[in-house]
Amino acid sequence: MEVIIVVAFVLFAFTHFDTVIALIAFCADQEYGSSEVFLGHYLGFAIGLLLAVIGGLLFNELLHSWVHLLGIIPLTLGVLSILHRLPETNLIHRRASGYGGRIGVVAATGIGLSGENLAVFIPFFATLGLLEVIVIFILYAIGGGVLYLVASTVVRYTFSVVHLSWIDRWLVPIVLIVTGVFIMGSGVLG
């Protein structure tokens, strides 16, 4: 169980850099209140996490003996990301009016950011037992709050935030490749 928790922590940390950057942008935007950012973040984060857990459990139940082949998804995404690096882009979010509208924008951004994470987390959750899924789910729910605290602290103590391009260009693809190899290896060894 300890190894699974360490792997889960590393996956969470490396796949949520983009979430922290988005949260920093929302926290720094004077138009968004802290409660709007927090509620929107948790709504989007929870939907993405639930999709990953449900997808992993369904895949594990339906195609248990083939679950390790899901490792091909993050492995392929990682290799393609390195081979076809896109030019650096800036995070742009659209403006919304009203309390609910701003929460919705933050939540929609969080759901959108969960898309690539699903490629990592569905195969990962598919390799876990029910108790392990529950433990990791609770840890990730706590981790969602930590992401918000990190973003709000960065905004509080800095004047400008620079998005480090090497995170998206190199670190995330390498983590995807390692994850894919781990998932495929767990099926071969298991």
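The predicted model holds 11 aromatic pairs. One of them joins Phe-12 and Tyr-140. Their ring centres are 4.9 Å apart, and the planes meet at 40°, a tilted arrangement. Phe-12 belongs to helix α1 and Tyr-140 to helix α6, so this pair ties together parts that are 128 residues apart in sequence. Both partners are shielded. Phe-12 has a relative accessible area of 9%, which counts as buried. Tyr-140 is at 4%, and counts as buried too.

A second pair brings together Phe-26 and Tyr-32. The planes of these rings stand at 70° and the centres are 5.0 Å apart; the pair is edge-to-face because its angle is over 60°. Phe-26 and Tyr-32 are both buried.

Ring pairs also build a cluster. Its members are Phe-12, Phe-38, Tyr-42, Phe-45, Phe-121, Phe-124, Phe-125, Tyr-140 and Tyr-148. The tilted pair of Phe-12 and Tyr-140 thus has both its rings in this cluster.

**Helices α1 and α6**

Helix α1 has 14 residues. At 1.5 Å a residue they should span 20 Å, and the end C-alpha atoms are 20 Å apart, which agrees. Its buried residues are Ile-4, Val-7, Ala-8, Leu-11, Phe-12 and Thr-15. They cover an arc of only 135° around the axis, so they sit on the same side of α1. An α-helix has 3.6 residues a turn, so residues three or four places apart point the same way. The face of α1 turned away from the buried side carries exposed residues: Glu-2, Val-3, Val-6 and Phe-9.

Helix α6 runs over residues 130–157, 28 in number. The expected span is 40 Å, and the end C-alpha atoms are 40 Å apart, so the two values agree. Buried in α6 are Val-133, Ile-136, Tyr-140, Gly-143, Gly-144, Gly-145, Leu-147, Tyr-148, Ala-151 and Ser-152. Two residues of this list, Tyr-140 and Tyr-148, also belong to the ring cluster.

**Empty space**

Rolling a probe the size of a water molecule over the atoms shows where empty space is left. A search of the whole structure finds 1 cavity of 30 Å³ or more. Nearest its centre lie His-16, Thr-19, Phe-45, Gly-110 and Ser-114. Helices α2, α3 (34–62) and α5 (99–126) each give two or more residues to the lining of this cavity. Phe-45, from the ring cluster, is therefore also a lining residue here.

The second largest pocket is lined in part by Phe-9, Phe-12, Ala-13, Val-146 and Leu-147, the residues nearest its centre. The elements giving two or more residues to this lining are α1 (2–15), α2 (17–28) and α6. Phe-9 is one of the exposed residues of α1, whereas Phe-12 is buried.

The table sets out the two spaces.

| Space | Volume | Lining residues | Largest share | Lining by class |
|---|---|---|---|---|
| Largest cavity | about 200 Å³ | 21 residues | α5, 8 residues | 12 nonpolar, 9 polar, no charged |
| Second largest pocket | about 310 Å³ | 17 residues | α6, 6 residues | 15 nonpolar, 2 polar, no charged |

Which residue of the tilted ring pair lies among those nearest the centre of the second largest pocket? Phe-12 does. This α1 residue is buried, pairs with Tyr-140, and takes part in the ring cluster.

Note on methods
Residues numbered from 1 in each chain as written. Predicted model: local features only at pLDDT ≥ 70, side-chain atom pairs only at ≥ 80, totals over all residues. Heavy atoms only, no water. Helix = DSSP H or I, 4+ residues; strand = E, 2+ residues; numbered from the N terminus. Expected span 1.5 Å × (residues − 1). Buried < 20%, exposed > 50% of the residue type's maximum accessible area, 1.4 Å probe, protein only. 1 Å grid on protein atoms, 1.4 Å probe; cavity = no way out; pocket = protein on both sides within 12 Å on 5 of 7 lines; lining within 4 Å. Points joined across faces, edges and corners; volume = space filled by probe spheres on them. Nonpolar A, V, L, I, M, F, W, Y, C, P; charged D, E, K, R; others polar. Arc of directions from axis to C-beta. Phe/Tyr/Trp six-rings, centres within 6.5 Å; stacked < 30°, edge-to-face > 60°.
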